[in-house]
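Please open the model in your viewer and keep the selection panel at hand, since the tour proceeds by selecting one element after another.

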Amino acid sequence: MSALRWGRGAAGLGWALWPAGRPGLLAEEGTLGGLWGCRRSSSASPCEQDRRRDWGHAELLEVLEARVRQLQADNVSEVRAKLLDVARLPEADGSLSPRKVEAGNEGAALGLTSHWAQKLHKEKLVMQKRKQKLEENLQKQARKRQLRVEPQLLNRQLAGWLQRWERSTPRSPWEEQLAQLLQEAPKRLSRQEEHDQANRLSKMRYEAQQQRLLAFLECCVLADQLPLAHHVLVMHHSKSRQQRALTLPMYNTLLLGWARKGSFKELVYVFFMMKDAGLAPDLLSYAAALQCMGRLDQDASTIQRCLKQMAQDGLQLQELFTSLPLCKEDKAVLLRAVRKAEPTFLPPQPPLPSFEVNTSPLLKEIYSTDHPASYPKQHLPLETLKDLFQQQLSVEMATIVTVDSVEKAPSLTEEVLQARKTLQELRTRWEAELCLALQQTKAREAQAAREGRPSLFPYLCLLSEGELTQLMLQTLQVLSQQGESLLSLAQELGMRIFNRHVVQRKQLNDEVQALQERYFKYLHLLASDTQVVMSRLPRQHWEALGTTEASQDQPWPLTVVVQLGKQLAEVLVQTVKMPSNLAQQQDTQKLIPVLYHVYSFQSFRQIGILKPHPAFIQLQETAAERTMTFESAEVPMLCPPLPWTSPHSGAFLLSPTKLMRSLEGTIQHQRLLEGCPPTELHGALDALTQLGNCAWRVNGRVLDLVLTIFNAKGCPRLGVPSPASEAPRPSKHRLPANASPERKTELRRELARCLKVAREMHSLRTDALYRLSLAQHLRHRVFWLPHNMDFRGRTYPCPPHFNHLGSDLARALLEFAQGRPLGPHGLNWLKIHLVNLTGLKKRESLQARLAFADEIMDDILDSADQPMTGRKWWMEADEPWQALACCMEIARAVRAPNPAAYISHFPVHQDGSCNGLQHYAALGRDSVGAASVNLVPSDVPQDVYSSVAAQEFVWQASHYLVRQVFNSLQEMFSSTRAIQRWLTESARLIARSGLAVEWVTPLGIPIIQPYHHDSKVSISGGIQSLTFCSSGDTNQKPNTLKQKNGFPPNFIHSLDSSHMMLTALHCYRKGLTFVSVHDCFWTHAADVAIMNQVCREQFVRLHSQPILHDLSRFLVERYCSGPRSTNAQVAKLQEMLLSVPKTGTFDLDQVKHSTYFFS
């Protein structure tokens, strides 16, 4: 195939903007209908009216000119007769009379005809010019509407090269152009590197714009809108100011897209633009070129030239197959191209599983193969776990979970049935209207994209109009009576679209089948009836199954998420309407908006709120539908989670999950994690996986009691919220006309108080409704809670509504799905745990607490047997619902034939004593402070606040007492205070130097404090302009106050998370079930003693490391090295960082023998 023919054929693949049949299609090139057809109206614009008038004049002149030619050809008498008819005028005005006209000779008639002809000729010339100008304007507008393919280059030499080549006949092949572009590209690379540092500040200003444009281009490629992406890139490239914001990944996105379509001409155009921008191709650029050649079956010489140039640029051929995130099909096409040039080439084999381990001395035993580990298994067989995987996969592919509400069902009266019917009819109508409104919105956004703006159009194409409509109606269904801020609602809608798109793309990329095959192999490690050759940690076993090709999903910029959600929310407000009076015929009804937009003040700030109309709320309450909808990632999993293997892989099967949770739009944590050596994160990854592998079940007896109270108007004293009907009502008495201003103010305050209480009650009631409905939904199921962590390393379960981190009520509803025999000491630990929950014997020894439990055994059994009708002893406990659950467990155990053999599922807790101060005392080796927080063995637990209070007089002025208590704390914890001052001052100096505080935890987790001065982001237009602040914008200066005040507590939190993770990993190695709520550790009653031993050993091992000196060394290297080291301010910082506080003489080994360290 000749180069010319080949170039034309390739170009033919890329001219259409949409494939046929895709929703929201743009008009084809060269037509005036399609996209703009739906925008026409019966009343033309003034510009359109002028245009039509001009065309009308031109047509009239042509008709008149033809008539003149006809008249000149006829006889004179006919002309005279016609002229008499048209020239008949009254004599009074001085004009010629008909008789005088008749008396005129033939020459006069012909002269008159000639005069008309000349006049018509002149007008014709004028109108031709106007018509020509109009045609030029129309052509200019048509060119604006057409998608641009050929680039407009700013470099004159390069532009001339392209232009001369385009006009030459015959043209040199496209491959020749690519070869020349690649040959000169490296010269540009060094210049780019030289200017990188100088342009740093300039690049920071463009970062938000760059993120949005790159996301737009990537989304266009995913939505099959590649010509549109190319058009927008060309328009940005043609303007020097906009071109400076373009980055190599943007060009590579287009290169890869055209390569997959085999469009070589467009690919060469992108290379021209790259060269024009002074950017050198990287490995992905060459991969795109080679892939395009492979799809088009290029000759070997062309491919060889490309490979030779790639080698001259210092890029290795092997890296094409090992360093790029290409799918299997892309790699196959790439290999076909390479083998055509080098037939003997063999691609590198997939890398063998890396068994490199973390070298931290704290994790040496965890990854040691010298001593065999007895990792626990799930209590379910392989086939059951496979079936559970299929169920969870179905849930995530559906993206939503429908749950029945636990609220009392109403009687199915005629009124209820009619309300439900009305709601269904309205929803059916709304679906059709919303789909139409979305089509119009797409058309507007498509036109904006054609004008070169990165609009929302490709994002709206990712899901069908029906799917978007369902998302919007689900949002309407769950909107509370008080409404929700437009900003939060927009962000939620935008994120739901992103999550749903990610799940659908994984299905389209055939990732589901590969995931299933791998997961089934992984289950052999976990199932109760299978064995594996080598017992490994779950992450290690998963990695040993081979490498994965799962895609990495980059989140959209926050501005895009909010703008997309705002657009859909506005469509919802403008489209969804209902009759003002549902009792009348709807055809004659005035329609009212279901949602309306109002402003309200919250914390002295005015915010926009979307509220449902009271008529719609009344309709919903009457219909009393008993279903609730949750996103699949908001519900516990039905199978063991995926092990965490990297910052972007783990937890749910398909739903995207962050390893480190953060505010949307904050990317600095993810950057740190991705830049961290993989082995450094092994400790955190394995600990999170272990926490997520704990199987749970619902405590049915407790749930039944709670539901009874919940549907009987609640009981706030027991943590069961009351319904809104129980909220206080403002006075109904009318205010007399002569009421005093004081009385009016009093009534206003009463009204405000009632509204505030009603809002709080509604929020609490809704939260309880979600939790109890999910508990009822899962009451006969086994489920799992995948975990992730915050920026300090503290762990949290991902499902937000139903987990063990909640209130007393939430914790009482959960128990371990896998039971263990109590053994010889398990029953005693259950009794001690019960007394701990009551809060009655905090200062007593364990033996005293055990004796107290035996004394009140009658109350314990009465509470278990008659919780609502007996003596109700359990209701007086600090944690009543957990106390009741424990009473029930003790009752079953003591009544068992052999209590030691009783299978207990109940989790027993061990809490740290002022855990933050424990870490401070250990860091400073503070003997006095260590004794007051139970680091030293003692017969009874010590309480630091009681110790301080004993040294003070009880004064009536409570604020004075508080001040004295904290002064005494500083005296007792002298080393602690010195460490706090050092951390605070170090952070202050770091922040003043313009950088945020970073450190690495003892387990290797990189930490950065996300405290910067707020950067305001505005999204204008629509029903409200949104302005929101982001404190995580790394382009802004650090917030010195937050950086220095946050460093001490955040650093201590990173230590307590390290201690918890070490305890979790060692417990897992010993075969224990272990979960935590920060500094509260949970396990089976039979294993409390082992967990306590591990907990103390790992605390001692953690603080045996030179933590403060390691921190000092890291901070000096991070902030005081390089060119900045000569700065006087940096010198002061270095002096502070090197002045590590001196420590005391406390012996850490005493912690191993302290009974009340955790108790």
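Which residue with a positive phi follows α40? In this predicted model, Gly 1071 follows the helix, and its phi is near 90°.

**The helix α40**

Now select residues 1040-1069, which make up α40, a helix of 30 residues that reaches 43 Å from its first C-alpha to its last, close to the 44 Å expected at 1.5 Å a residue. Moving along α40, stop at Phe 1047, where the helix bends by about 45°, and note that a proline, Pro 1048, follows within four residues. At the N-terminal end, display the side chain of Asn 1039, which caps α40 through a side-chain oxygen lying 3.2 Å from the backbone nitrogen of Leu 1041. If you colour the helix by accessibility, α40 should appear mostly covered, with 23 of its 30 residues buried.

**A sheet of three strands**

Next, select β2, β6 and β5, which form an open sheet in the order β2-β6-β5, with antiparallel pairing. The edge strands are β2 (484-485) and β5 (595-602), each of which pairs on one side only. Between β5 and β6 (residues 605-612) the antiparallel pairing runs over eight bridges, and, looking across, you will find His 597 opposite Leu 610 in β6.

**Aromatic pairs**

Then show the aromatic side chains, among which a search of the whole structure finds 22 pairs. Take Tyr 522 and Trp 542 as one of them: their ring centres are 5.3 Å apart and their planes stand at 80°, so the pair is edge-to-face. Tyr 522 belongs to helix α22 (residues 511-526) and Trp 542 to helix α23 (residues 538-544), so this pair ties together parts that are 20 residues apart in sequence. Tyr 522 is buried, with a relative accessible area of 0%, and Trp 542 is also buried, at 8%. For another pair, select Trp 874 and Trp 881, whose centres lie 5.0 Å apart with planes at 50°, so the arrangement is tilted; both of these residues are buried. Returning to Tyr 522 and Trp 542, extend the selection to Phe 389, Tyr 519 and Phe 520, since these five residues form one aromatic cluster.

**Charges over rings**

Finally, where does the charged end of Arg 792 sit? Centre the view on Phe 791, and you will see that the charged end of Arg 792 sits over its ring, 5.8 Å from the centre. The last selection is Lys 841 with Phe 852, where Lys 841 lies over the face of the ring at 4.8 Å from the ring centre.

Methods: Residues are numbered from 1 along each chain as its sequence is written. This is a predicted model: local features need pLDDT of at least 70, side-chain atom pairs count only at pLDDT 80 or more; totals for chains, interfaces and linings use all residues. Side-chain values use heavy atoms; hydrogens and water are left out. Helices (H or I, at least four residues) and strands (E, at least two) are DSSP runs, numbered from the N terminus. The expected span of a helix is 1.5 Å times one less than its number of residues. The bend at a residue is the angle between axes fitted to the seven residues ending there and the seven starting there. Buried means under 20% relative accessible area, exposed over 50%, partly exposed in between (1.4 Å probe, protein chains only). A polar contact is a pair of N or O atoms within 3.5 Å; within protein, one must be able to donate a hydrogen and the other to accept it, and residues adjacent in sequence count only if both atoms are side-chain atoms. Two strands pair if DSSP finds at least two bridges between them. Rings of Phe, Tyr and Trp (its six-membered ring) pair if their centres lie within 6.5 Å; planes under 30 degrees apart count as stacked, over 60 as edge-to-face and the rest as tilted. A charge sits over a ring if NZ of Lys or CZ of Arg is within 6 Å of the ring centre and within 35 degrees of the ring normal.
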